[in-house]
Structure formats: C-alpha cells, structure tokens
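Biologist: Before planning any work at the bench, I should like to go through this structure side chain by side chain. May I put some questions to you?

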Amino acid sequence: MQKLNVIYEDNHIIVAEKPVNIPSQGDKTNDIDMLSIIKDYLNNTYILEGDVYLTKNLFIENLKHSTYFAVKKEMYENEWVLKYDNKKRLEEIYIGYEKGAYVMSGISYWNIDDTKVIKDKLNKLIKNKNFKNLYWDDIVRKEVENFNINVKEVDFNCVYEIDTVEDLENVPY
C-alpha cells in the first residue's frame with residue numbers, strides 16, 4: 001500500500017499530499033487510489049472536498065453525530081440533494097434537482113461508528129472491484145438507513161464549490 005504523506009493531522013482533520021498518478025478514487029485501471037489509502041484515517045473526521053472554498057470557518061467542535069453540511073440552491077442540476085426531517089435527520093440522498101433544496105456542500109463530519117460502516121463497505125467494494133463510477137458518498141446514499149446522520153444548513157455565501165474557471169472567478173477573495 002502507498003505510504004501517505006500527511007501534511008497536517010489532528011483529531012478532526014487530515015491534510016495529505018495526493019501522490020502523482022494516484023487517482024482520487026478507483027477507476028477502470030484498478031490502481032490503488034487516494035480513497036483507499038486515506039480510508040484508514042477516517043475516525044471522528046471532517047471531510048472537506050478539494051474543490052471547496054470557505055469564506056468562514058464552519059467546523060464545529062465535539063459533534064456527536066455524523067453531519068452533512070448543506071447549502072440551499074435555487075439553480076443547479078445533478079446535485080446531491082439531501083432530504084431530512086424536521087429534526088434535521090437525514091432520510092434520503094438523491095442526485096437531481098429540486099428548486100430551493102439543500103444540497104451537499106462538500107463538507108461533512110463522520111463519527112467513529114459511521115466511519116466503521118463506511119470503511120467496511122469500502123473494503124468490500126475494493127475487494128470485489130465493484131467501484132466503477134462510484135463516489136464514497138454513494139455508500140451512504142445507497143444505505144442511508146444504516147447511518148445516523150444529521151444535516152447542518154449553512155449560508156450559501158460561506159461555501160463555494162469550484163468546478164470551473166468561472167466558479168473560481170466568482171469566489172470573493
């Protein structure tokens with residue numbers, strides 16, 4: 001297994017260098033990927049996707065439940081929509097469109113119990129080479145009932161997902 005160059009790590013966050021020629025997640029080559037390398041570090045952990053820019057510190061200390069941080073979007077397509085009850089408990093994740101819905105922001109927190117489930121499912125997918133076109137959030141999406149996840153609504157102006165040059169140009173520096 002590839003050795004991970006950890007740049008920073010504490011109880012809630014890990015920053016690691018992605019080695020050259022290592023895919024971010026599994027692909028058709030079946031080469032070792034970053035998700036497989038880093039999964040053993042998941043343990044009461046925040047995950048901040050690499051294309052997310054924050055204008056405010058949204059990290060909360062001492063969260064007890066796994067939590068998706070969500071932003072309300074009016075115009076979008078093919079986003080990961082979070083459906084939850086009035087107590088902010090996640091009930092469903094689907095990919096699509098719903099006007100004014102809350103969608104994944106690219107920030108999440110995972111407690112030790114839920115990371116064990118994710119790691120177990122991920123190990124099975126890797127062993128069976130059954131992960132083509134799969135994001136790790138698909139594990140949660142397909143088995144949301146096996147997790148205890150809250151949704152934290154955050155201000156749309158605090159989180160920017162940068163997928164294009166235009167997205168980058170629209171970030172307030």
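Biologist: Does Glu 98 count as buried, partly exposed or exposed?

Modeller: Please bear in mind that this is a predicted model. The relative accessibility of Glu 98 is 30%. Buried requires under 20% and exposed over 50%, so Glu 98 counts as partly exposed.

Biologist: With which residue does Glu 98 form a salt bridge?

Modeller: The closest N and O atoms of the pair are 2.9 Å apart, and the criterion is a separation within 4 Å. Glu 98 lies in the loop between strand E7 (90-96) and strand E8 (101-110), while its partner lies in strand E6 (residues 79-84), so the pair ties together parts that are 15 residues apart in sequence. The partner counts as partly exposed, at 28% relative accessibility. The residue that pairs with Glu 98 is Lys 83.

Biologist: Are Lys 73 and Glu 79, which form a salt bridge, buried or exposed?

Modeller: Their closest N and O atoms are 3.0 Å apart. Lys 73 has a relative accessible area of 16%, and Glu 79 has one of 13%. Both values are under 20%, so Lys 73 and Glu 79 are buried.

Biologist: By about how much of the helix are Asp 120 and Lys 124 separated?

Modeller: The side chains of Asp 120 and Lys 124 meet in a salt bridge, at 3.4 Å from N to O. Asp 120 is partly exposed at 37%, and Lys 124 is partly exposed at 45%. Because the two residues are four apart in helix H2 (residues 112-127), they are separated by about one helical turn.

Biologist: How many salt bridges does the structure hold?

Modeller: The pairs discussed above are among them. The structure holds six.

Biologist: How are the rings of Tyr 46 and Phe 69 arranged: stacked, edge-to-face or tilted?

Modeller: The count of aromatic pairs comes to six. In the pair of Tyr 46 and Phe 69, the ring centres are 6.0 Å apart and the planes stand at 45°, so the arrangement is tilted.

Biologist: Which strands hold Tyr 46 and Phe 69?

Modeller: Tyr 46 is buried at 5% relative accessible area, and Phe 69 is buried at 1%. Both belong to one aromatic cluster with Phe 59 and Tyr 109. The pair ties together parts that are 23 residues apart in sequence, because Tyr 46 lies in strand E3 (residues 45-48) and Phe 69 in strand E5 (residues 66-73).

Terms used. Residues are numbered from 1 along each chain as its sequence is written. This is a predicted model: local features need pLDDT of at least 70, side-chain atom pairs count only at pLDDT 80 or more; totals for chains, interfaces and linings use all residues. Side-chain values use heavy atoms; hydrogens and water are left out. Rings of Phe, Tyr and Trp (its six-membered ring) pair if their centres lie within 6.5 Å; planes under 30 degrees apart count as stacked, over 60 as edge-to-face and the rest as tilted. Buried means under 20% relative accessible area, exposed over 50%, partly exposed in between (1.4 Å probe, protein chains only).
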